[in-house]
Amino acid sequence: MSSPPPPPLLFFLIFLSVVTAIKLPLSPLSHHTDQSSPNNDPYLSLRRLADSSISRAQKLKQPSSIKPDEDALTAPSASAAVVKSPLSAKSYGGYSVSLSFGTPSQTIPFVFDTGSSLVWFPCTSRYLCTGCGFSGLDPTRIPRFIPKNSTSSRVIGCQNPKCQLLFGPNVKCRGCDPNTRNCTVACPPYILQYGLGSTAGILLSEKLDFPDLTVPNFVVGCSILSTRQPAGIAGFGRGAESLPVQMKLKRFSHCLVSRRFDDTNVSTDLDLDTGSGHNSGSKTPGLTYTPFRNNPNVSNAAFLEYYYLSLRRIYVGSKRVKIPYKFLAPGGDGNGGTIVDSGSTFTFMDRPVFELVAEEFVAQMANYTREKELEKVTGLGPCFNISGKGSLTVPELVFEFKGGAKMELPLSNYFTLVGSVDNVCLTVVSDNTVGGGGRSGPAIILGSFQQQNYHVEYDLENDRFGFAKKKCIP
C-alpha cells in the first residue's frame with residue numbers, strides 16, 4: 001500500500017528547510033514539582049532548568065542574525081502614556097505576558113524575552129509543536145492565533161520595507177523584478193533557532209491592541225511549526241522588530257513574582273511607557289540606576305539586540321571576588337561583558353568567573369558538608385547539606401555596577417532548597433565548554449531567577465537600567 005501524500009504543511013516545511021536560518025536564543029523548560037509523575041521529579045526539574053539556562057547562554061554567546069533596517073518603522077497610534085499587560089511566572093522557567101492581536105482581538109500568552117527581538121505567536125489551526133509534550137504539556141492546548149478570523153491580518157510582501165526588519169536591507173525577493181514595486185511575492189519565511197528549540201513561519205502585519213492604545217501594522221511572526229516552545233515569544237530586545245522599538249517605547253518596567261507562584265493566577269503588571277505624560281530624564285522614585293553599556297561593535301549584529309550592563313564587582317559576603325577585567329568588559333571581538341536577560345532562568349557565568357564565585361562560597365561555608373552527588377544530579381552547585389546546623393548562615397551575593405548601583409540579592413534569589421529542607425544549592429550555572437580559552441560572547445548573563453521581587457526598569461530614552469528590591473505581591 002502506498003503512503004498518503006504529505007499534507008500542504010509538509011511542503012511548507014520542505015521549503016523552509018532551504019531558507020537561511022536566523023538564530024536567536026530561547027529555550028524554556030518545565031520544572032513542575034509534582035512528584036506523582038516520574039517526569040516531575042524535582043531533581044530532574046532542576047537539571048532541566050540548569051541545562052536550559054546553559055543552552056540559552058550558548059545561543060546568546062554565539063548567535064546568528066541579519067542586521068535590520070530601523071528606518072522601516074512606523075509610529076503607533078497611541079492615546080495612553082502607560083499601558084499595562086499581566087505578567088506571570090510559568091513552570092517552564094520563564095514569565096508569560098498576554099498580548100492581544102487582530103480585529104476582533106485574539107489574546108495570546110507569550111514568553112517575555114529581553115534577549116531576542118521578534119514577536120511571534122503559534123499561528124493557524126494547523127500549528128504543530130513537536131517535543132512540546134515535556135512535563136505533561138499538551139501541545140494541542142497551546143493557544144493559537146487564527147489569521148482568517150482577523151480582518152486586519154495581512155501577509156507582508158517581500159518589497160515591503162517591514163520585511164527588512166527581520167531580513168535586513170539585502171533581502172532576496174525570488175521571482176520579483178527588481179525594477180518594479182508591484183511584486184506580490186511574500187516576505188521569505190523565517191526560521192528561528194533557540195537554545196533547545198526552534199520555530200518557523202511567515203511575517204504578518206497586524207493590529208496590536210491595548211485597552212487605551214492601538215498599534216496598527218505591527219510586524220509579528222505567524223509560526224506554523226515549532227519544537228519545544230511552550231508558547232509564542234514577545235521579543236523585548238533592541239532589534240528593530242522588537243516590541244519596544246516598534247512601539248517606540250521610552251521605557252518599560254516589571255516586577256517578577258517569586259517562582260513559588262508558578263502556573264497560578266497571580267500576576268503583576270508589565271508597564272509599557274509610550275513617553276507622553278512623563279518628563280524626559282526623570283527617574284522613578286526609589287530606583288537605583290546604572291547606565292547601559294555600549295554594545296560591542298562587532299560584525300555579528302545579533303549582539304546589538306542585548307542589554308549590556310557595566311558590572312564592576314562581585315562580592316560574596318564581604319569578600320570581593322577578583323574577576324579578571326576581560327570578563328567584565330566586552331572586547332573588540334564581542335567576548336566578555338554582562339547582559340540582563342529575562343528569558344534565561346538561572347544566571348550564567350563563564351567557567352573561570354563561576355569557579356571564582358563558587359570557590360568563595362565553598363570557603364565561607366566550610367562548616368557545611370558539600371553534596372557533590374546532588375550537584376551531578378541537578379546541574380547546580382555548589383550544594384550543601386545544612387541539617388543539624390540550627391540556622392542557615394550564607395554569605396550575601398552582591399553585584400555592583402557602574403555608578404555604584406548595588407544589587408544585593410535576597411538569599412532566595414541565589415540559593416534554593418533541593419529535594420528536602422536539608423539541602424541547598426547555588427542557582428548560578430556554568431558549563432565546561434563555554435568559557436576559558438574558547439570563550440565567546442557575554443561572560444555573564446543575569447537571569448530572571450535573580451530578578452525575582454525586584455522592580456526593574458529599562459529606561460530606553462535615557463539608556464539606563466534601574467532596579468530596587470520590592471515585594472511584587474503584597
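**Exercise 1. In which sense do β21 and strand β22 (residues 383-385) pair, and over how many bridges?**

Solution. Start with the ground rules. This is a predicted model, where local features need pLDDT of at least 70, side-chain atom pairs count only at pLDDT 80 or more, and totals for chains, interfaces and linings use all residues. Residues are numbered from 1 along each chain as its sequence is written, and side-chain values use heavy atoms, with hydrogens and water left out.

Step 1. Fix the terms. Strands (E, at least two residues) and helices (H or I, at least four) are DSSP runs, numbered from the N terminus. Two strands pair if DSSP finds at least two bridges between them.

Step 2. Read the pair. β21 and β22 are antiparallel, with two bridges. Arginine 370 stands opposite phenylalanine 384 in β22.

Step 3. Place the pair in its sheet. The sheet is open, has four strands and runs β21-β22-β26-β25, with antiparallel pairing. Its edge strands are β21 (369-370) and β25 (415-417), each pairing on one side only.

**Exercise 2. State how far the model can be trusted, using the pLDDT of the protein chain.**

Solution. Step 1. pLDDT is the predictor's confidence in each residue, from 0 to 100. The protein chain averages 83, and 84% of the residues score at least 70.

Step 2. Find weak stretches. Residues 1-39 have a pLDDT below 50, yet beyond near neighbours in sequence this stretch has 105 contacts in the model. A contact means heavy atoms within 4.5 Å. Residues 66-79 also fall below 50, with 43 contacts beyond near neighbours in sequence.

Step 3. Draw the consequence. Where pLDDT is low, predicted coordinates should not be read in detail.

**Exercise 3. Describe the protein chain as a whole, from its secondary structure to its surface.**

Solution. Step 1. Count elements. The chain has seven helices and 30 strands.

Step 2. Check burial. Buried means under 20% relative accessible area, exposed over 50%, and partly exposed in between (1.4 Å probe, protein chains only). Of the 474 residues, 57% count as buried.

Step 3. Check contact range. Among contacts between residues at least 6 apart in sequence, 74% join residues at least 24 apart.

Step 4. Read the surface. The accessible surface comes to about 19600 Å², and 50% of that belongs to carbon and sulfur atoms. These areas come from the Shrake-Rupley method with a 1.4 Å probe; for residues, only the protein chains shown count as cover.

**Exercise 4. Locate lysine 402 and list what it touches.**

Solution. Step 1. Lysine 402 is found in the loop between β23 (397-401) and β24 (406-408).

Step 2. Its relative accessibility is 37%, so lysine 402 counts as partly exposed.

Step 3. Leaving out residues up to four places away in sequence, lysine 402 touches Tyr289, Thr290, Pro291, Ser310 and Arg312. Take arginine 312: 90 residues separate it from lysine 402 along the chain, but their C-alpha atoms are 6.1 Å apart.

**Exercise 5. Compare the handedness of the disulfides 163-187 and 176-183.**

Solution. Step 1. A disulfide is taken as a pair of cysteine sulfur atoms within 2.5 Å. The structure holds seven.

Step 2. Cysteine 163 is joined to cysteine 187, S to S 2.0 Å. The torsion about their S-S bond is about 80 degrees, so this disulfide is right-handed. The pair links distant parts of the chain, 24 residues apart: cysteine 163 lies in the loop between β8 (154-155) and α3 (164-167), cysteine 187 in the loop between α3 and β9 (190-193). Both cysteine 163 and cysteine 187 are buried.

Step 3. Cysteine 176 is joined to cysteine 183, S to S 1.7 Å. Here the torsion is about -70 degrees, so the disulfide is left-handed. Cysteine 176 and cysteine 183 are buried.
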